[in-house]
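Hi everyone, thanks for making time this morning. I'd like to walk you through a structure and look at how its pieces pack together.

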Amino acid sequence: MKAKKAGSSGRSADLTMAERTEVEQIVEKVVSQVLDHHVPELRSELVRRVLEGLPQSTGVAGVSADGGSANLLKAISAIQSGTTQREILRALLDNTVRYSGRGALFVVKAGAATGWQGRGFTQDGDDSIKDFALNVTTGVPEQAMRSRMPFSGATRDINPEFVSKFGAPANDQLLVLPLLLKEKVAALVYADAGVEGGGKLDAAAVELLVLATSAWLEVASLRKQALKEEKEESGEPAGERTETVPPPQVHAAPAHSDPFAAHAPKHVAPVHQPVAAPPVEVEQPVVVAQGEPVVSAAAAAAAAPATDAFANLSPEDADVHRKAHRFARLLVDEIKLYNQVKVSEGRKNKDLYDRLKEDIEKSRATYQKRYGNTAAGGADYFSQELVRSLAEDDTSIMGANFRRN
């Protein structure tokens, strides 16, 4: 039996308009409660992204069996009410087992997937998942990693060590879903119906919970970065400690929060590991790219004086330039985050500016309003970031209509 994309089997009817409207209202209600003035325009975009990720065939019957939309609303609310990344991920697992028999999260680092926490593994306890090496070179985990999409399959589509240690699902069906952060697979979520007969696995509900978690972690990261920028500009201390999973080791601090930054895998993937994430800039990774070296804080600090582009400026002007540069990076990151499909298509067709013109010009106006008449006004870091981050240092990808200012 070949592994199939989650939701491709076992569903008989498409979502009706009424059902999709109801789910949309649920998602919109939750999202509207948490977004503040930093990102007010993101509410409808977040709802749209979650709804786009919903499978076109229905799993609503499974949701109804567990209490209908009210329970799904409670599950999403629990995830988005988490105040730390650890709480958000725990809420994801706690609610995953409302729609499955067992659930587990495996952190992806350096080409390896290692266990973080599990739910429903009662024989040896949920802690038995911790640091278990999930084979991502074959079967359903490999397909989920490579395609960045959920996949379901049979027991034989996962490494035998997993089955030997934790037992096979009674109905011979399992589901692996990627948790995406900054266009990368940061973790894999595993779910099945459990080892006892009569268990359940509502693939659509689990997929929606993972999508909501991924979107919320990214929104929370952007909000935290925006708050940090505001505090720096007002002279206030940042005063916020980033909680990681588990307690942090000494690594360079990323520009955006990484909930798995300190989760160093005990099992490193072999040299022939075929799965590879695209490289990211050292300054702003959300997850460390597979195979990407980790830069220590001490080494980064030692290298800073030699690479400081503002060293020849006065302290006041240098501070303005640094803030302008960070603000431009934040604006472009937001454009990338909420236009992933357009970015991919624009890069392929070399018409990126035309596809993103409205978002780009709105963000450009915001940047110019804040820094256009400052010491950093002539540098135009916003246009530089568009080319560097959106177009991957290839101006031709922006298209013929692109203008720098």
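I'll start with the core, then go to a strand, a helix and the end of the chain. Please keep in mind that this is a predicted model.

So, the core. The largest nonpolar core has 36 residues, and those that touch the most other members are L92, L105, L179, V206, L209 and V210. Several elements each supply at least two residues: α4, α5, β2, β6, β7, α8 and α10. Which of them gives the most? That is α8, with 12 residues.

Let's take L92 as a way in. Leaving out residues up to four places away in sequence, L92 touches I79, L105, V189, L209, V210 and T213. That last one is worth a stop. T213 sits in helix α8, which spans residues 203-234. Is T213 buried or exposed? Its relative accessible area is 0%, so T213 is buried. Among residues more than four places away in sequence, T213 touches I79, I88, L89, L92 and L179. You'll notice I79 again, as a contact of L92 and of T213.

There is also a second, separate core of 25 residues, and F310, A318, A324 and F327 are included in that one.

Now to the strands. Strand β3, residues 112-119, has 8 of its 8 residues buried. Strand β2, residues 102-109, runs antiparallel to β3, and 7 bridges join the two. If you want a spot to find on screen, look for V108, which stands opposite A113 in β3. The two strands form a hairpin with 2 residues between them, and in that turn A110 has a positive phi of about 50 degrees. β3 also pairs with strand β4, residues 133-134, in the antiparallel sense over 2 bridges. There, T114 has A133 of β4 as its bridge partner.

On to helix α11, residues 340-349. Which residues of α11 are buried? They are V343, G346 and R347. These three cover an arc of only 100 degrees around the axis, so they lie on the same side of α11. As a reminder, an α-helix has 3.6 residues a turn, so residues three or four places apart point the same way. On the other side of α11, V341 and K348 are exposed. And what covers the buried residues? The cover includes α10 (315-337), α12 (352-371) and α13 (381-390). After α11 comes K350, with a positive phi near 55 degrees.

Last stop: the segment after α13, where I've picked two residues. A391 lies in that segment, and A391 counts as buried because its relative accessibility is 0%. Setting aside neighbours within four places in sequence, A391 is in contact with L352, L386, I397 and M398. A391 and L352 are 39 residues apart in sequence, with 7.7 Å between their C-alpha atoms.

R404 is in the segment after α13 too. R404 has a relative accessible area of 40%, so it is partly exposed. Its contacts, not counting residues up to four places away in sequence, are R364, D380, S383, Q384, V387 and T395. From R404 to L386 is 18 residues along the chain, and their C-alpha atoms are separated by 8.9 Å.

That's my tour. If you'd like to turn the model yourselves, T213 in α8 is a nice place to begin. Thanks, and I'm happy to take questions.

Note on methods
Residues are numbered from 1 along each chain as its sequence is written. This is a predicted model: local features need pLDDT of at least 70, side-chain atom pairs count only at pLDDT 80 or more; totals for chains, interfaces and linings use all residues. Side-chain values use heavy atoms; hydrogens and water are left out. Buried means under 20% relative accessible area, exposed over 50%, partly exposed in between (1.4 Å probe, protein chains only). Helices (H or I, at least four residues) and strands (E, at least two) are DSSP runs, numbered from the N terminus. The arc is that of the directions from the helix axis to the C-beta atoms. Contact means heavy atoms within 4.5 Å. Two strands pair if DSSP finds at least two bridges between them. A nonpolar core is a set of buried Ala, Val, Leu, Ile, Met, Phe, Trp, Tyr and Cys residues joined through side-chain atoms within 4.5 Å.
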